[in-house]
Amino acid sequence: MLEGKLVNLRKVEKEDVDFLVGLGDVDFWAEYNNPPFGRMSKSEWMKWFDTPRSYLENLIEWRVFIIQKKDGTKIGLTWHFTNQPSGHIEIACFLVPSERAKGYGTEATQLMVDNLFIYRNIVRIQAKANVENKAAQRVLEKAGFKAEGTVRKLSFVRGKWKDKTLYDILLEEWKEPKILTKTA
Amino acid sequence: MLDGKLVNLRKVEKEDVDFQFACFNDLDFWGEYTHPVIEQVPKWGVKRIIDEYPSEFQKVMEDNPFIILKKDGTKIGVMWQFTNQPYGTMEFGCFLVSNERGKGYGLEATQLMVDYLFLSKDIVRIDIHTNVRNKPAQRVLEKAGFRVEGTIRKSQLVRGVWNDFYLLSILREEWKEPKILTKTA
């Protein structure tokens, strides 16, 4: 469990399956993102938990966390993965519509950045936000990311190819943990 | 075989072991801008790479290795075409032996590959990453119609230092039509 002041992050468990199925809702992925795993049914999710990861999945190291409020309410997902063959580590964060714009996304992002720089020997973390998604861009900037360019026609969303802004944060810009400061 | 005016591209064959062995083990081949894509390998290792193609890794990356040849058949470089995961964008890399650089071969090999990809795959863009310091590669890519989209800071460890790389791309609508692979018969 990665503990913040507003939210905690923990790895996804089988008991989260109903929450995950509920995210098949288009509003969750919003107008900016193609649902990365489509509309998965409960049985497809249960099968996903029990199936050994494929060779490609092992390379990509997709690690999914549930974002929950301090009272335990599940409010979203965040994950990191490794782009191949470049090896670039990337994060993403999604909140249910009713819990957006309350600081939860920023803290979840900071927790994820702290977590990655603390436990892995890496020099940078990247993230991508739809160019129209100003809310996500504000979150990334608050978390110390810098916009480095625009990747044109990267993802197919609601029937159209969409551009994404590429963000990154370097180890030397992060300097030290913002939320995961406990050293004991 | 993809036929150009100066060079041809063809898939790697077993007979290319000696050429690939010489390339892979020569630091000048990789230049000062790129981390050696394949580390020092023995001849039997190169042979195995070719014999056992595609490996599990090459399968998931949809790795497509080509040899660049002059019209007289001299082998002068290699080109890899692959798919970035998980986004699924296609990318390629081009390497020439050091004494054949600066003669237009890299540009034509690049144009051939762009033509080939847009003619044969249902894709909207092609990606290329290149070291910010590598001006010759950037000139080639600009001539081939690529545009810089952004900078990946500290993208690759090159000769012991983390180097920034540009991300470049060309969109299908910018390419419009084949430049070299124009034969329609």
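This report describes selected helices, a chain contact and some backbone features in a predicted model with chains A and B.

## Helix H5 in chain A

Helix H5 of chain A runs over residues 104–119, and its 16 residues reach 22 Å from the first C-alpha to the last, which is close to the 22 Å expected at 1.5 Å a residue. How many of the 16 residues of H5(A) are buried? The number is 12, so the helix is largely enclosed by the rest of the structure. A residue is called buried here if 20 or more other C-beta atoms lie within 10 Å of its own. Among the residues of H5(A) that meet this condition are Tyr104(A), Gly105(A), Glu107(A), Leu111(A), Met112(A) and Phe117(A), and the list also includes Asp114(A) and Asn115(A).

A partner of this helix is H6 of chain A, which covers residues 134–142; the axes of H5(A) and H6(A) come within 9 Å and cross at roughly 45°. The two helices are therefore oblique to each other, since angles from 65 to 115 degrees would count as roughly perpendicular and those under 35 degrees as roughly parallel. The crossing in which H5(A) passes H6(A) is right-handed. On the side of H5(A), the contact is made by Gly105(A), Thr106(A) and Thr109(A), while H6(A) brings Val139(A), Leu140(A) and Lys142(A). Sorted by class, this contact of H5(A) with H6(A) has two nonpolar, three polar and one charged residues.

## Helix H5 in chain B

Chain B has a helix H5 at residues 105–120, again with 16 residues, and from its first C-alpha to its last this helix reaches 22 Å, close to the 22 Å expected at 1.5 Å a residue. H5(B) is mostly covered, with 12 of its 16 residues buried. The buried residues of H5(B) include Tyr105(B), Gly106(B), Glu108(B), Met113(B), Leu117(B) and Phe118(B).

The axis of H5(B) comes within 9 Å of the axis of H6(B), a helix of residues 135–143, and the two axes cross at roughly 45°. That angle makes H5(B) oblique to H6(B), and their crossing is right-handed. Where the helices meet, Gly106(B), Leu107(B) and Thr110(B) belong to H5(B), whereas Val140(B), Leu141(B) and Lys143(B) belong to H6(B). By class, the contact of H5(B) with H6(B) has three nonpolar, two polar and one charged residues.

## Where the chains touch

The contact between the chains takes 21 residues from chain B and 23 residues from chain A. On the chain B side, at least two residues each are supplied by helix H4 (56–60), strand E6 (125–131), strand E7 (147–158) and strand E8 (161–171). Which element gives the most to the side of chain B that touches chain A? That element is E7(B), with six residues. The residues on this side of chain B divide into 10 nonpolar, six polar and five charged.

## Backbone features in the loops

Two peptide bonds in chain B are listed below, each of them cis and each leading into a proline.

| Cis peptide bond | Omega |
|---|---|
| Tyr53(B) and Pro54(B) | about -5° |
| Gln85(B) and Pro86(B) | about 5° |

Pro54(B) lies in the loop between helix H3 (43–51) and H4 of chain B, and Pro86(B) has its place in the loop between strand E4 (75–83) and strand E5 (90–96) of that chain.

In chain A, Glu61(A) has a positive phi of about 50° although it is not a glycine, and this residue sits in the loop between helix H4 (55–60) and strand E3 (63–69). Because Glu61(A) has 13 C-beta neighbours inside 10 Å, it counts as partly exposed. Ala101(A), which is not a glycine either, has a positive phi of about 65° and is placed in the loop between strand E5 (89–95) and H5 of chain A. With 11 C-beta neighbours inside 10 Å, Ala101(A) counts as exposed, because a residue with 12 or fewer is put in that class.

## Lys74 in chain A

Lys74(A) is found in strand E4 of chain A, which spans residues 74–82. Is Lys74(A) partly exposed or buried? Its 19 C-beta neighbours inside 10 Å make it partly exposed, because 20 or more are needed for a residue to be buried. Leaving aside neighbours within four places in sequence, Lys74(A) is in contact with Asp16(A), Phe19(A), Ile66(A) and Gln68(A). The C-alpha atoms of Lys74(A) and Leu9(A) are separated by 9.8 Å, although these residues are 65 residues apart along the chain.

Conventions: Residues are numbered from 1 along each chain as its sequence is written. Chains are lettered from A and ligands numbered from 1 in the order in which they are written. This is a predicted model: local features need pLDDT of at least 70, side-chain atom pairs count only at pLDDT 80 or more; totals for chains, interfaces and linings use all residues. Helices (H or I, at least four residues) and strands (E, at least two) are DSSP runs, numbered from the N terminus. The expected span of a helix is 1.5 Å times one less than its number of residues. Two residues are in contact if their C-beta atoms, placed from the backbone, lie within 7 Å. Ala, Val, Leu, Ile, Met, Phe, Trp, Tyr, Cys and Pro count as nonpolar, Asp, Glu, Lys and Arg as charged, and the others, Gly among them, as polar. Axes are lines fitted to C-alpha atoms, for helices over the stretch in contact, and angles run from 0 to 180 degrees between N-to-C directions. Angles under 35 degrees count as roughly parallel, over 145 as roughly antiparallel, 65 to 115 as roughly perpendicular and the rest as oblique. A crossing is left-handed if the near helix is turned anticlockwise from the far one by less than a right angle, and right-handed if clockwise.
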